[in-house]
Amino acid sequence: MALDDRKRRFEVLALPHLDAAFNLARWLAGNTTDAEDVVQDAYLRAYRYFSSFQGGDFRVWLLGIVRNCFIDWVRENRSGRMLFQAEPNAAEVETVWTATPPDPEALLLETLDSQTLERMMAHLPLEYREILLLREVEDLSYKEIATITTTPIGTVMSRLSRARLALRKLWLGAETKEASHVL
Amino acid sequence: MSCERMRPLLVRLADGALPQPRRYFVARHAAHCSQCAARLDELCAIRTMLRTKLPTHRAPPGLASRIVAALPRETPPAPSRPWFRIPAFGIASSGMFGALAGIALTLVLLHDGGRDDPTLRNLIGGHVRSLMAEHLMDVATSDRHTVKPWLSARLDVSPPVRDLADVGFPLLGGRLEYVDGHKGAAVVYRRAQHIINLFAWADAGPNTGFREQAQQGFNVVSWRAGGIAYHAVSDVNSDELAAFARLVGGT
Ligand SMILES: [Zn+2]
C-alpha cells in the first residue's frame with residue numbers, strides 16, 4: 001500500500017508538468033510522435049528513479065530527465081547524426097556584436113509574427129533552441145538550466161547570449177533580404 | 001567600466017540575474033551610454049518576443065492516461081479500499097504532522113460511510129492530495145487577473161475566477177489538476193481555516209443545478225454550466241459550501 005501511495009505521489013508531482021515536458025520534447029524532437037515517445041519514456045524513467053528525487057523543484061528534475069531521454073532516443077534512432085553542434089567561438093560572436101551596432105533595426109523584432117519566429121527557432125542549433133526554451137518559456141534561472149543541461153553556469157550564460165544573437169542574426173538577415181518566406 | 005566589460009553584465013541585467021550593487025552600476029552606465037542602452041533594449045526585446053510569441057505545444061489528449069497506465073503497478077489492485085484512508089503513516093513519516101495527520105486520521109475513522117462513488121472518491125482524493133503533497137497552488141496569488149489567464153493559457157477551459165474575499169472566501173490561487181481522468185483547473189479558496197478546492201474541467205453536457213453530496217467527512221457540491229463541470233470540495237460545513245457554490249457558479 002505504501003507503494004501505491006508512492007505511485008499517486010508521483011502522479012501528483014509529475015502530471016502537472018506534462019505540458020512543459022511535452023513542449024520541451026516537441027521542440028527538441030521536431031514532431032509530435034517522437035516527442036510523445038520521449039515524454040513517455042521520460043515519465044517511466046522518472047518513476048523508476050523517483051526515490052532519488054531529493055526535493056526541490058520537481059519540474060527541473062523532470063525536464064533534465066526529458067532531455068536525457070531525448071539524447072538517448074536520438075542515439076538509438078538516428079545513429080551517426082550529430083546531436084549538438086559545435087558552438088561558434090566567443091571571439092566570433094563578439095565580432096558580430098561589434099560589427100552590427102544596435103540601431104533602430106532592432107525594433108523590428110517587435111513586428112515578428114509567431115509563425116516566422118517558430119521557423120527561425122527551428123533553424124537554430126539544437127542547443128540554442130533548448131536554452132532559449134528553458135529560459136524564456138519555462139522561465140528557469142541560469143542555475144536551473146545548468147542543472148538540467150549538466151553544464152557549468154558560465155557556459156549557460158554565454159550560450160544563452162549566443163543563442164539570442166543567432167536568433168537576432170536570422171531575423172535581421174531575413175529582414176534585409178525581404179525573405180522571411182525563405183526561412 | 002568599459003563597454004566591452006559591460007556586455008555579459010548587460011545580459012545578466014536583462015535576465016534579472018544581476019544582484020546589487022552591480023545592478024545599480026550597470027544600469028547607471030546604460031543610462032548614460034547610448035550603445036549599451038541600445039544593446040540592453042535589444043536583449044529585452046528578444047526576450048519579450050520569445051516570451052509572448054513563441055508557440056508552445058501542449059501534450060496531446062490521452063498522453064497523460066497512457067503514461068499513468070504504463071507506470072508499473074506495484075501492488076495488487078484494491079478497488080474496494082480507497083487509498084486515502086491509508087496514508088496516515090505515510091504522512092507521519094514524510095514529516096507532515098498536525099492538521100494534515102488529523103485529516104488522515106479522520107479519513108481512517110470515517111471510511112466507507114456510504115456507497116462507493118468513484119467520482120466522489122476521486123474528487124475527495126484530489127482534495128486531500130492537494131493538502132498532502134504540499135502542492136496546493138501552481139500560481140499562488142489572490143489576484144484573479146493573474147490566476148485566470150494563467151489557467152486559460154494552459155487549459156481548454158477558462159473557468160471563472162472570482163474575488164470573494166469580501167464575502168469571506170478569499171482566493172488563494174490555482175493549479176492544474178488531474179482528477180477522475182480529467183485534466184482541469186483547481187481554483188483554491190479559503191474559508192476561515194478550511195481550504196476549498198474548486199475543480200473545473202470541460203464537460204459539454206447541459207447546465208445543471210447544484211448537487212450536494214457528503215462522504216468521508218467532506219462535502220462536495222457539483223454543477224455544470226457553460227460547458228464546464230464544477231466540483232467544490234472542502235471540509236467546511238455543507239451550508240457554507242453550498243453558499244460558496246452559488247457565489248462562484250451564479251452567472
Ligand atoms: Zn557602454
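This passage looks at a zinc site and a pocket in a predicted model.

The zinc ion is held by chain B, where B:Cys3, B:Cys33 and B:Cys36 each offer an SG atom and B:His29 offers NE2, at 2.1 to 2.3 Å. The angles among the 4 donor atoms run from 99 to 115 degrees, and the site is tetrahedral. Along the chain, the donors are spaced as C-x25-H-x3-C-x2-C. The site links distant parts of that chain: B:Cys3 belongs to helix α1 (residues 3-14) of chain B and B:Cys36 to helix α3 of chain B, 33 residues apart.

The cysteine donors can also be described by their accessibility. B:Cys36 is buried, because its relative accessibility is 1%, and B:Cys33 also counts as buried, at 13%. B:Cys3, with a relative accessible area of 23%, is partly exposed. As for cysteine pairing, a search of the whole structure returns 0 disulfides over all chains.

Turning to the pockets, the second largest has a volume of about 950 Å³. Its lining comprises 33 residues, and those closest to the centre are A:Ala20, A:Arg59, A:Glu138, B:Trp150 and B:Arg154. Elements giving two or more residues to this lining are α1 (2-14), α2 (18-29), α4 (58-77) and α7 (126-137) of chain A, along with α3 (34-53) of chain B. Of these, α2(A) supplies the largest share, 3 residues. Sorted by class, the lining of the second largest pocket holds 15 nonpolar, 11 charged and 7 polar residues.

How values were computed. Residues are numbered from 1 along each chain as its sequence is written. Chains are lettered from A and ligands numbered from 1 in the order in which they are written. This is a predicted model: local features need pLDDT of at least 70, side-chain atom pairs count only at pLDDT 80 or more; totals for chains, interfaces and linings use all residues. Side-chain values use heavy atoms; hydrogens and water are left out. A disulfide is a pair of cysteine sulfur atoms within 2.5 Å. Buried means under 20% relative accessible area, exposed over 50%, partly exposed in between (1.4 Å probe, protein chains only). On a 1 Å grid over the protein atoms alone, a cavity is a set of points where a 1.4 Å probe fits but cannot get out, and a pocket is an open set with protein on both sides within 12 Å along at least five of seven lines; lining residues have an atom within 4 Å of a point. Grid points are joined across faces, edges and corners, and a volume is the space filled by probe spheres set on the points. Helices (H or I, at least four residues) and strands (E, at least two) are DSSP runs, numbered from the N terminus. Ala, Val, Leu, Ile, Met, Phe, Trp, Tyr, Cys and Pro count as nonpolar, Asp, Glu, Lys and Arg as charged, and the others, Gly among them, as polar. Donors are N, O and S atoms within 2.8 Å of the metal (3.2 Å for Na, K and Ca); water is not among the atoms, so sites may look incomplete. Four donors count as tetrahedral if all angles lie between 85 and 135 degrees; four count as square planar and six as octahedral if opposite donors are over 155 degrees apart and all others between 65 and 115; anything else is irregular.
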